[in-house]
Amino acid sequence: MERETQFIGQSAAFQDAVERASLAASLDRPVLVIGERGTGKELIAERLHRLSTRWDRPYVIMNCAAMPETLIESELFGHEAGAFTGATRTRAGRFEEADGGTLFLDELATMSMGAQERLLRAVEYGEVTRVGSSRPIRVDVRIVAATNEHLPALVDENRFRADLLDRLSFEVITLPPLRAREGDIEVLATYFGQRMATVLGWEEWPGFGPRALAAMEGHDWPGNVRELRNVIERAIYRWADPEKPVDALSFDPFASPWQPVARKTAAKAEGGGASPAPASAAPAPTSSATPSGPVSDLRAAVDAYERQILSDTMARCRFNQKVAAEALGLSYDQIRHALKKHGLNQ
């Protein structure tokens with residue numbers, strides 16, 4: 001899908017953040033955008049550029065976390081040929097590329113103290129010096145930076161320069177997490193659901209069922225809007241009947257009874273002893289087929305237990321195999337195989 005650049009949401013907390021970005025856009029001053037992962041920091045940064053007087057000039061993005069510490073200064077400020085091993089030609093840095101426009105520094109808190117010092121000089125004096133050169137170059141760049149860290153706390157821990165923070169924090173826009181955006185979860189889910197239904201060629205959008213809506217509202221959404229989009233799009237494409245409301249969500253795409261179990265190597269105590277069970281082992285589900293007395297045939301007991309779980313789940317899901325598979329964390333092929341094994345696919 002194309003990159004999504006519009007803002008979807010009606011909550012007061014979200015609208016306030018967008019309004020503050022719109023207000024700050026026209027001022028040629030640095031802006032910090034703070035928020036958890038998936039809250040839309042990149043979209044706010046782009047809004048700050050598009051609504052500014054620099055809208056027709058370069059908009060350059062640099063993810064500081066993706067750059068090794070040894071290369072970040074070269075990426076930001078450029079380098080001369082021969083400045084270091086592998087520097088076979090002169091290269092302009094991101095500041096020069098963004099001259100006249102906006103430079104968006106994502107994951108700002110990951111920048112080394114040395115790079116912070118040079119960044120401060122560039123912001124303060126409007127000059128950059130390429131690695132391997134002594135000649136400063138004048139640049140006219142507006143800085144927009146983003147992070148999911150609390151920068152004042154990093155200053156207290158001597159992990160971020162206080163003078164750089166003072167220079168960059170003319171305006172600080174803090175984006176609310178999705179769980180704090182009252183009423184926006186269903187609005188966003190419907191938007192993403194309709195888009196995915198269109199991609200899949202559905203004739204109409206059937207909406208969400210009550211179970212799916214309740215699951216959305218009850219989830220904490222640690223990945224915020226990005227996570228919501230993934231969950232909704234996955235639910236739509238897995239849904240078997242486009243004419244019925246989508247009523248099953250899978251928050252963990254890795255959930256499966258056959259997923260690899262992380263094994264821990266534990267030293268045995270002196271004199272021997274069993275290793276502890278893996279911490280990630282899930283507790284066994286309960287069922288009316290659970291044997292209450294001695295078991296003389298383990299295989300038959302396990303088969304009966306599995307058959308009862310499948311039978312109960314199919315009845316609860318109105319014999320919709322797709323929904324039952326979702327409820328049990330199985331793929332469609334896996335549940336069809338299990339139903340055939342126990343003679344329940346009639």
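**Cavity, salt bridges and backbone of a predicted model**

Colleague: By class, how many nonpolar, polar and charged residues does the lining of the largest cavity have?

Modeller: In this predicted model, the lining of the largest cavity is made by A235, R238, W239, A248, K322, V323 and E326. Sorted by class, that lining comes to four nonpolar, no polar and three charged residues.

Colleague: Which element gives the largest share of the lining of the largest cavity?

Modeller: The residues that line the largest cavity include R238, W239, K322 and E326, and the elements that give two or more residues to this lining are α10 and α12, the latter covering 321–328. The largest share of the lining is three residues, and the element that supplies them is α12.

Colleague: What volume does the largest cavity have?

Modeller: Rolling a probe the size of a water molecule over the atoms shows where empty space is left. When the whole structure is searched, one cavity of 30 Å³ or more is found. The volume of the largest cavity is about 40 Å³.

Colleague: Helix α10 deserves a further look. Is Y237 buried or exposed?

Modeller: Y237 belongs to helix α10, which runs over residues 224–238, and together with V199 and L200 it makes a nonpolar surface patch of about 300 Å². Because a residue has to be over 50% relative accessible area to fall in the highest class, the 52% relative accessibility of Y237 places this residue among those that count as exposed.

Colleague: N224 is found in helix α10 as well. What phi does N224 have?

Modeller: N224 is placed in helix α10, and its relative accessible area of 0% makes it buried. Although N224 is not a glycine, its phi is positive, at about 55°.

Colleague: Where is the place of E107, which also has a positive phi although it is not a glycine?

Modeller: The phi of E107 is about 55°, and with a relative accessible area of 24% this residue is partly exposed. In space, the C-alpha of E107 is 6.1 Å from that of N63, while the two residues are 44 apart in sequence. E107 is placed in the loop between β3 (102–106) and α5 (113–125).

Colleague: Turning to salt bridges, how many residues apart in sequence are the parts that E42 and R226 tie together?

Modeller: The count of salt bridges comes to 20, and one of them joins the side chains of E42 and R226, with an N to O distance of 3.8 Å. E42 lies in helix α2 (residues 41–50) and R226 in helix α10, so this pair ties together parts of the chain whose separation in sequence is 184 residues.

Colleague: Is E42 buried, exposed or partly exposed?

Modeller: Its partner R226, at 44% relative accessibility, counts as partly exposed. For E42 the relative accessible area is 24%, and because buried means under 20% and exposed over 50%, E42 is partly exposed.

Colleague: Which residues are linked in a network of salt bridges with D28?

Modeller: The side chains of R54 and D140 meet in a salt bridge of 2.7 Å, N to O. This pair links distant parts of the chain, 86 residues apart, with R54 in the loop between α2 and β2 (59–63) and D140 in the loop between β5 (137–138) and β6 (142–147). R54 is buried, with a relative accessible area of 6%, whereas D140 is partly exposed at 41%. In the network of salt bridges, the residues linked with D28 are R54 and D140.

Colleague: In which helix does E306, the partner of K341 in a salt bridge, lie?

Modeller: The side chains of K341 and E306 meet at 3.6 Å, N to O, and E306 is partly exposed, its relative accessible area being 30%. K341 lies in helix α13 (residues 332–341), so the pair ties together parts that are 35 residues apart in sequence, the helix of E306 (residues 298–316) being α11.

Colleague: How far apart in space are D184 and I8, C-alpha to C-alpha?

Modeller: D184 lies in helix α8, residues 184–199, and at 0% relative accessibility it counts as buried. D184 and I8 are 176 residues apart in sequence, while their distance in space, C-alpha to C-alpha, is 8.0 Å.

Note on methods
Residues numbered from 1 in each chain as written. Predicted model: local features only at pLDDT ≥ 70, side-chain atom pairs only at ≥ 80, totals over all residues. Heavy atoms only, no water. Patch = residues over 30% accessible without salt bridge, like charges linked within 9 Å, V, L, I, M, F, W, Y side chains within 5 Å. Areas by Shrake-Rupley, 256 points an atom, 1.4 Å probe, with all protein chains shown as cover. Salt bridge = Lys/Arg side-chain N within 4 Å of Asp/Glu carboxyl O. Helix = DSSP H or I, 4+ residues; strand = E, 2+ residues; numbered from the N terminus. Buried < 20%, exposed > 50% of the residue type's maximum accessible area, 1.4 Å probe, protein only. 1 Å grid on protein atoms, 1.4 Å probe; cavity = no way out; pocket = protein on both sides within 12 Å on 5 of 7 lines; lining within 4 Å. Points joined across faces, edges and corners; volume = space filled by probe spheres on them. Nonpolar A, V, L, I, M, F, W, Y, C, P; charged D, E, K, R; others polar.
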